[in-house]
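Please open the structure in your viewer and keep the selection panel at hand. The tour proceeds by selection, with a description of what is found at each stop.

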Amino acid sequence: MPLTEPHDDRLPQEEPVDTVRDAGGAGPDEGALPAAVEPGPEAAGVEPGREAAEEVVADGPADDGSTPEPEPVLPEPVRQRIVALTAAVLPGLPADEVPVPLRRVAKFAPNRRARLGAPAIAAQLTGDPLFRQRITARVLADTGDLGAAVLEGTAPAAADPVEVAALAYLARPRGWRELIEASGAAVRAEADSAVVAELVREAEQRATRAEHDRAVARVEAEKLRDELARVREELGQLREESRQLGRSLRETQARERKANELLATERGRAARAAADADAELRRVRARLAEAEAAAGVARASAKEARSVDDARLWLLLETIGQAAVGLRRELALDPVDKLPADFVADAFADQTAAPAAGAATRARDTDDPARLDQLLALPRAHLVVDGYNVTKRGFGEMSLEQQRKRLITGLGGIAAQTGDEVTVVFDGAERMHGLPPSPRGVRVLFSRKGETADELIRRLVRAEPPGRPVVVVSSDREVADGVRRHGAYPLGADSLLRRLARS
């Protein structure tokens with residue numbers, strides 16, 4: 001193959017080549033080499049003593065003007081060796097002897113110089129005979145005896161044919177084309193030998209694999225014979241199990257026939273038992289009818305007795321009512337317009353009143369939410385609520401005005417449902433201005449300066465007569481203990497909040 005090949009990685013040239021310096025000073029034609037070129041040691045860039053190595057014979061146009069022979073086709077190993085030799089000695093040339101396209105390549109690292117600069121190096125070796133002669137002088141000086149033998153047109157028998165062909169291409173002595181052809185034949189022979197060796201190796205590998213496969217097949221055959229023996233043994237066991245299962249099946253069928261006979265017998269017994277049960281059921285139904293008739297007679301008798309008791313109870317209540325009317329007339333008690341809590345709200349003064357005897361007997365602790373409904377169901381009950389204690393526990397995220405409004409509205413609904421007296425007490429009347437009107441049945445009180453809502457609640461409880469149910473709603477333990485001593489029913493704020501949520 002030719003030394004140069006199409007390649008996409010073309011190195012950019014720093015400047016165009018106008019002329020090639022030679023002995024005559026004029027630029028040669030492209031691809032032509034002058035007939036006689038005798039560069040001195042200083043021009044070739046080699047030290048004295050290597051002048052003999054630089055006297056090479058290059059193919060070029062003959063003196064008579066005949067056309068030079070074309071470049072030979074180089075085997076690929078030879079072409080690579082030529083590029084490697086050139087790349088190795090390229091940095092040793094003076095800078096002015098390196099062609100412009102190769103100046104950048106000469107700066108590459110050794111491993112990149114031959115790989116990336118191969119197209120440019122091949123082009124310069126083919127088109128620039130002077131550059132090739134300079135490279136040849138340095139390469140032959142490095143190869144020693146082998147280079148001298150190639151210059152004489154001979155090649156040692158033990159020499160590498162690729163190396164010989166590469167040196168012959170660069171030095172181009174007499175008969176260099178024959179050396180290249182002989183190297184190509186040797187390379188092809190080595191390639192053929194490598195192919196034959198590879199084929200022999202593959203054949204040996206196939207024979208080894210075949211032998212291995214035969215051994216594996218023998219092992220598998222032994223396994224299959226063992227497996228066949230095991231299957232035959234299992235088949236014999238299965239046949240024995242089948243005979244045993246047949247005997248078990250016949251025994252089971254015999255037991256089934258006996259069970260069917262017993263089932264028929266039990267069915268007859270069950271039918272007779274069912275007939276007896278139906279007869280017993282009819283007798284029980286008859287006795288039940290007699291019992292229902294007796295119960296009807298007893299209900300009628302009880303109804304008559306209850307009528308007599310109702311008449312007696314009505315007569316007793318009528319007597320008590322007439323006695324109460326007569327007592328009210330005897331005591332000259334006029335109807336009242338105000339309740340005890342109204343007097344406390346009007347007075348707003350510190351009055352210490354001793355608790356009535358026996359009043360504490362009506363106070364009871366309870367945390368049951370249903371207890372509030374039970375107490376409010378008592379006649380003429382009075383509900384007293386510690387306002388801020390309930391609102392801050394139930395909806396403390398609102399403003400104080402919104403808390404009061406929401407509580408008073410809910411208590412108005414309770415008063416309307418139960419008809420009981422409801423009083424709600426708040427702290428600090430001096431800060432309240434423009435309060436909305438209270439719902440019907442709800443009394444709203446604010447403690448005065450120097451007085452707390454707890455003290456006002458205790459005065460309201462003390463003002464009530466003994467015997468009247470008073471319910472105080474507050475989670476303050478001090479308030480609960482104070483009203484309990486005066487006979488009121490203390491309840492937690494949660495009971496009222498649940499009652500309001502339910503409403």
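## First stop: threonine 418

Select threonine 418, which counts as partly exposed because its relative accessibility is 30%. The model in which it is seen is a predicted one. Threonine 418 is found in helix H14.

Display the side chain of threonine 418 together with the neighbouring backbone. The side chain reaches the backbone oxygen of isoleucine 414 at 2.8 Å. A polar atom of that side chain also lies 3.3 Å from the backbone nitrogen of aspartate 420. Leaving aside residues up to four places away in sequence, threonine 418 touches Leu376 and Arg499. Add aspartate 373 to the selection: although 45 residues separate it from threonine 418 along the chain, the two C-alpha atoms are 9.4 Å apart.

## Helix H17 and serine 495

Arg499, touched by threonine 418, leads to the next selection, helix H17, residues 493-502. Which residues of H17 are buried? They are Ala493, Ser495, Leu496, Leu497, Arg499 and Leu500. Colour their surroundings next: these buried residues pack against helices H12 (370-376), H13 (387-394) and H14 (400-418), and against strands E1 (382-386), E4 (470-473) and E5 (489-491).

Within H17, centre the view on serine 495. Serine 495 counts as buried because its relative accessibility is 8%, under the 20% limit for that class. A polar atom of the serine 495 side chain lies 2.6 Å from the backbone oxygen of glycine 492.

## Helix H13

Move to H13, one of the elements against which the buried residues of H17 pack. In H13, Gly387, Tyr388, Val390 and Thr391 are buried. These residues lie on the same side of H13, because they cover an arc of only 160° around the axis. To see what covers them, show E1, H14, E2, E4 and H17, which are included in that cover.

## Strands E2 and E3

Now select E2 (residues 421-426) together with E3. The two strands pair in the parallel sense over five bridges. Pick valine 422 and look across to E3, where its bridge partner is valine 442. Strand E3 (residues 442-446) is largely enclosed by the rest of the structure, since four of its five residues are buried.

## The loop at arginine 380

For the next stop, select arginine 380, in the loop between H12 and E1. Is this residue buried or exposed? Arginine 380 is exposed, with a relative accessible area of 57%. Check its backbone torsions as well: phi is positive, at about 55°, although the residue is not a glycine. Most residues other than glycine have a negative phi.

## Helix H9 and the nonpolar cores

Turn to H9, which is mostly covered: ten of its eleven residues are buried. Select Val162, Glu163, Val164, Ala165, Ala166, Leu167, Ala168, Tyr169, Leu170 and Ala171 to display them. Just after H9, arginine 172 takes a positive phi of about 55°.

The largest nonpolar core is the next selection. It has 37 residues, and those with the most contacts inside it are Ile82, Leu90 and Leu102. Helices H3 (76-89), H4 (100-106), H6 (118-127), H7 (129-143), H9 (161-171) and H10 (176-331) each supply at least two residues of this core. The largest share, nine residues, comes from H9.

Centre on leucine 90 inside this core. Not counting residues up to four places away in sequence, leucine 90 touches Val98, Leu102, Val105, Ala106 and Phe131. Apart from this core lies another, of 26 residues, among them Val424, Val471, Leu491 and Leu497. Leu497 has already appeared among the buried residues of H17.

## Final view: the whole protein

Clear the selection and show the full model. The protein contains 17 helices and five strands. How much of the protein do buried residues make up? They account for 31% of its 503 residues. Among contacts with a separation of 6 or more, 68% join residues 24 or more positions apart. With the surface displayed, the exposed area is about 32,000 Å², of which carbon and sulfur atoms supply 54%.

Note on methods. Residues are numbered from 1 along each chain as its sequence is written. This is a predicted model: local features need pLDDT of at least 70, side-chain atom pairs count only at pLDDT 80 or more; totals for chains, interfaces and linings use all residues. Side-chain values use heavy atoms; hydrogens and water are left out. Buried means under 20% relative accessible area, exposed over 50%, partly exposed in between (1.4 Å probe, protein chains only). Contact means heavy atoms within 4.5 Å. A polar contact is a pair of N or O atoms within 3.5 Å; within protein, one must be able to donate a hydrogen and the other to accept it, and residues adjacent in sequence count only if both atoms are side-chain atoms. Accessible areas come from the Shrake-Rupley method with a 1.4 Å probe; for residues, only the protein chains shown count as cover. A nonpolar core is a set of buried Ala, Val, Leu, Ile, Met, Phe, Trp, Tyr and Cys residues joined through side-chain atoms within 4.5 Å. Two strands pair if DSSP finds at least two bridges between them. The arc is that of the directions from the helix axis to the C-beta atoms.
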